[in-house]
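Trainee: Could you take me closely through the sheets of one chain, and set that chain beside its partner as you go? I would like to know how far the model can be trusted in each part.

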Amino acid sequence: MNSAEWSSAAQRPPTSEVPHRLLEELLLIWTTSLLRYHRQYAADEACVTDPGPNSTNPYRRTSILGMSHPPVGDQASPTTVFPARAIHTLDSTVPSGSAIAVKDGRFLAVGEVDELVDVYGGTVDHSLADKVLLPGFVEAHSHKDTGGIWQFTYVGFEARRGPNGRLWRGCTTFDAVVDRLREADRLLDDPDEPLLAWGLDPIFWPGERFDRRQLDTVSTTRRIFVAHSNMHLATVNSALMEQEGIDPDTLAEGVPKDDSGWPTGELQEFPAMALAGQTFRSFFGRTQSDESVLMFGQAARNVGVTTVADLGTSNLLDEAVVRQWIDIADETFPMRAAMFHGALMSAPDGDEACASAMVDLKRRSTDRVRFGNVKLLMDGSIQGGTARLRWPGYLHGGPNGIWLIAPDQAAERIGPYHRAGLLVHTHANGDQAVDALLDAFDQVQTANPLPDHRHTIQHCQMTTPGQYRRMKALGMCANVFSNHTWFWGDQHRAITVGPDRAARMNAARTALDIGVPLSMHSDSPVTPLGPLHVAWAAVNRQTPKGEIMGEHERVTVAEAMHAVTMGAAWQLRMDDVIGSITPQKFADCAVLDADPFEVDPAELRDIPVWGTMSGGVLHEGSPQTDA
Amino acid sequence: MTPGSVRLPLTVIGGYLGAGKTTLLNHLLANPDGQRIAVLVNDFGEIDIDGRLLDSATDDVLRLANGCICCSVADNFAETLETVRGFAERIDRVVVEVSGVGQPHKVAQWGHSPGFSPDGVVVLVDPFSILSRAIDPYVGDTVVAQVACADLVVISRTDVAGADELEATEAWLDGVTGATVLRAPLPTAVLLGPAFRPLDVDHFPPARRVDHGSGSGELQHADHVTISRRLDGPISRPSIETWTQSRPGGVVRAKGLVRVNDRPNDRTVLQICGSSTMVSVDGPWDDGEDAVVAIALPGTPRAALVKWLNLLR
């Protein structure tokens, strides 16, 4: 039974004329609310801890406190009123208030504390009195390995904070990388267990070569596999090469050799990385584990995110994967997920069969996990030179990128999902890829018009005003990759497309002005999960070198906040339940220590996040530690 | 790899949409010409297997009564190859279908994975559409790159194409690729490589001419020239160089498993597919005889081939 049925049933008078079925429902309601009451009460007792290596869901409360005091004379859970320093509902019909009332995991009302208590009763919880509440942030493009990648040792150049709150300092020298790996080596007991690391970025050491020689100083016996930050390359040590037979006889492309004829240890692209055998497979396999989902939840909570879209990283034709998400994401989990099946590579029986399976799966959606969505990809990435660009192509003169779906096959591939009423989000970075995709959606919509499809172009980095006008005409949405201005802005100006086209990238202003429904994303773990950073990037458009990359495409703080809440919720077809602080919606909030509407917009990304409220339950972020 | 195990030859079949890949794969599965082939496809839906031929089916693997199998390429190609490797004792070679916009020479790099050896990049071309595809603003560069990086380009639909189309296609291909260009139909051994097992050299079946793409049946002309030779023992490194450079016109496939005198304990693989020649070492030498087999176009003088193979010494 979903919550909408629940509230309408509960309003009916329980008279003797009540049919048998309704009585059963009411009984169910009562038991369910008891359970919820118990969980919410118990939440105060339990503290959120990071999962250990063999833990089950760390968010699950085990306390049985509260069971001896069930709510008397009330068929639902009690009302809790949370006063806050400021509340931004992002819903103009519920403009403001000094407190929210929460009941049954949903927002009951927004208003003044006394008024809410007078009308709805319940208790006042002062724990958020000095906090700023916004609707829970919605990350509309991320991946499951956002969490799982932190099972491995981080050796990136920039400091990053893991889901457990640990600060990983940037490894800015070869020695720092080696020291970090030696420390990780010492912590591994089993000599046969490979040392897995990630985040290496040799671009920061031009002219120098980090290879097996450095890794061999960490261990000559343990296999070491260090994935680069782009995940398309890895560096391995001699012990691994010896075990896997990577030697001067290895002829594969992407295995560069030194003057002695021996491979340097760098493995470029997936066929070469796969030469690392079991080590390679365990690296990518572990990002699919239960642990990975749990850590994803932690990472989301730490940055105020209450709903994520998993864009094609979980194979939803695999029942075990479906069960994994449904089981882990119960009402004590701090995150909801809109699951997108990666149909480009995982439709072994064809798109019609895959669409039919997704329609069946959609019926199994829960309050926390939504199915019925599909992801496709048209091209590659701009920084990787694999996005499809219109004339005049790449500034660096490299060949145009790659198609992942043939332009004249795109309509045929999208059609079955569209006709089945599923939501299709398609990756298209380059402007030529967007052209081809719009042609396809034009065909699909003409053949089978759906008035409210919400099909979305993901990344949309080079989309032009003309293309946005076509998107508007076709009823499509845009989810732009605003973080690019910070993470690759200087490279786009100098290397990939030049300053003029760079200034027009991720044109959030243009999309809004034309009226295309907009969201903005991190694509985590490609860039770190964190909507405040994404919003900061879209508002400021500043590069690390201090350039402003297209001042005319800046958006306001209000527009950016809308994009990472309601904008994203709309594209996920979840705006009826999340995206704003609106009575009846799930009580999901980002709980902040400063007000995004008050701080200097240049400091938006520095706002401390206390944690989240998810379904009325508070989830404090991981304590920040500096290891 | 385990010492002595033979790596599975892996051939990739590419070509833009409509080039005839599916027709070819269906034909290979139905007519494997004595080879037990594992075919890796993106979509089972396109595979058309006669019900009588189907032995068993699971989510990931179709097994055929003739010993062939068909696997779907999951989102993780490395895992798919591991699955196929599990069948290594029961199959002779692997064929990978590359998507219509994929670059076959990049996919061919997976042929270096443990347990496999790359055995050619074959790209099919549809003579009716290739010239317009080549100037298409969306896919022209993709189509050109596919044929430019092929070892062997095969023109399909030769049964319905006129001489004008075929000649225009060949003229265009001549300008964009150094690959060997052949017209279908072709024997399985030319498309995928010879069914090479060292001990079988004397029993190597003549290459049969088979038809794919027109559905007009199988022709049994043994008109490609197949020649094989046993070597007396390890050969010299310079003789390989000479052999490579003296290749007679008409040779389209060759494979040798030999010992070289500077590495007498290793198995050196000599391989020709269309325009490319590869010399590699794939493991320690095991039992078996040093031998080489070559396939040439109809009409190639046998004497020239014998003389050429004799260069290996």
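**A close look at the sheets of chain A**

Mentor: Let me begin with the partner chain, where 47% of the 313 residues of chain B count as buried. Please keep in mind throughout that this is a predicted model. Chain B contains nine helices and 14 strands, and among its contacts with a separation of 6 or more, 72% link residues 24 or more positions apart.

Confidence should be considered before any detail. The predictor assigns the complex an ipTM of 0.86 and a pTM of 0.86. In chain B the average pLDDT is 87, with 89% of the residues scoring at least 70; confidence there is lowest in strand E3(B), residues 54–57, at a mean of 82, and highest in strand E8(B), residues 152–155, at 98. Residues 198–221 of chain B have a pLDDT below 50, although the model gives this stretch 62 contacts beyond near neighbours in sequence. Chain A averages a pLDDT of 88, and 88% of its residues score at least 70. Within chain A, the pLDDT is below 50 over residues 1–56, a stretch with 64 contacts beyond near neighbours in sequence, and it is also below 50 over residues 60–73, where the corresponding count is 22 contacts.

Turning now to the sheets of chain A, one of them is open and has four strands in the order E4-E3-E1-E5 (chain A), with mixed pairing. Strand E4(A), residues 106–111, and strand E5(A), residues 123–124, stand at its edges, and because each has a single partner strand, one side of each is left without a neighbour in the sheet. Strand E1(A), residues 80–83, runs parallel to E5(A) and is joined to it by two bridges, and within this pair A:Val81 stands opposite A:Val124. Helix H3(A), residues 113–120, packs on the sheet, where it touches E1(A), E3(A) (99–103), E4(A) and E5(A), and its direction makes about 130° with that of E4(A).

Following the chain onward from E5(A), we come to A:Ser127, which is found in the loop between E5(A) and strand E6(A), residues 132–135. Is A:Ser127 buried, partly exposed or exposed? A:Ser127 has 14 other C-beta atoms within 10 Å, so it is partly exposed, given that a residue counts as buried with 20 or more such atoms and as exposed with 12 or fewer. The C-alpha atom of A:Ser127 is separated by 56 Å from that of A:Trp391, which lies 264 residues apart along the chain.

Another open sheet of chain A is made of five strands in the order E8-E11-E12-E13-E14 (chain A), again with mixed pairing. Strand E8(A), residues 153–154, and strand E14(A), residues 266–268, are its edge strands, and since each has a single partner strand, each keeps one side without a neighbour in the sheet. E14(A) pairs with strand E13(A), residues 233–236, in the antiparallel sense over three bridges, and one bridge sets A:Thr235 against A:Glu266 in E14(A). Helix H5(A), residues 174–187, lies across E8(A), E11(A) (195–200) and E12(A) (224–228), running at about 155° to E11(A).

The nonpolar core can be followed from here. In the largest core, which has 258 residues, A:Phe225, A:Leu437 and B:Val39 touch the most other members. Leaving aside residues up to four places away in sequence, A:Phe225 touches several residues, including A:Leu196, A:Val236, A:Leu240, A:Phe280 and A:Phe283.

Further along, strand E18(A), residues 423–428, is largely enclosed by the rest of the structure, because six of its six residues are buried. Both of its faces are covered, with A:Leu423, A:His425 and A:His427 buried on one side and A:Val424, A:Thr426 and A:Ala428 buried on the other. Strand E17(A), residues 369–377, runs parallel to E18(A) and is joined to it by five bridges, one of which has A:Asn373 and A:Leu423 as partners.

Finally, to return to the partner, 34 residues of chain A are in contact with 23 residues of chain B. On the chain A side, the elements giving two or more residues are helices H8(A) (269–273), H9(A) (277–286) and H14(A) (431–447), with H9(A) contributing the largest share, three residues. By class, that side of chain A has 17 nonpolar, 11 polar and six charged residues.

Terms used
Residues are numbered from 1 along each chain as its sequence is written. Chains are lettered from A and ligands numbered from 1 in the order in which they are written. This is a predicted model: local features need pLDDT of at least 70, side-chain atom pairs count only at pLDDT 80 or more; totals for chains, interfaces and linings use all residues. Two residues are in contact if their C-beta atoms, placed from the backbone, lie within 7 Å. Two strands pair if DSSP finds at least two bridges between them. Axes are lines fitted to C-alpha atoms, for helices over the stretch in contact, and angles run from 0 to 180 degrees between N-to-C directions. pLDDT is the predictor's confidence in each residue, from 0 to 100. Ala, Val, Leu, Ile, Met, Phe, Trp, Tyr, Cys and Pro count as nonpolar, Asp, Glu, Lys and Arg as charged, and the others, Gly among them, as polar. A nonpolar core is a set of buried Ala, Val, Leu, Ile, Met, Phe, Trp, Tyr and Cys residues joined through C-beta atoms within 7 Å.
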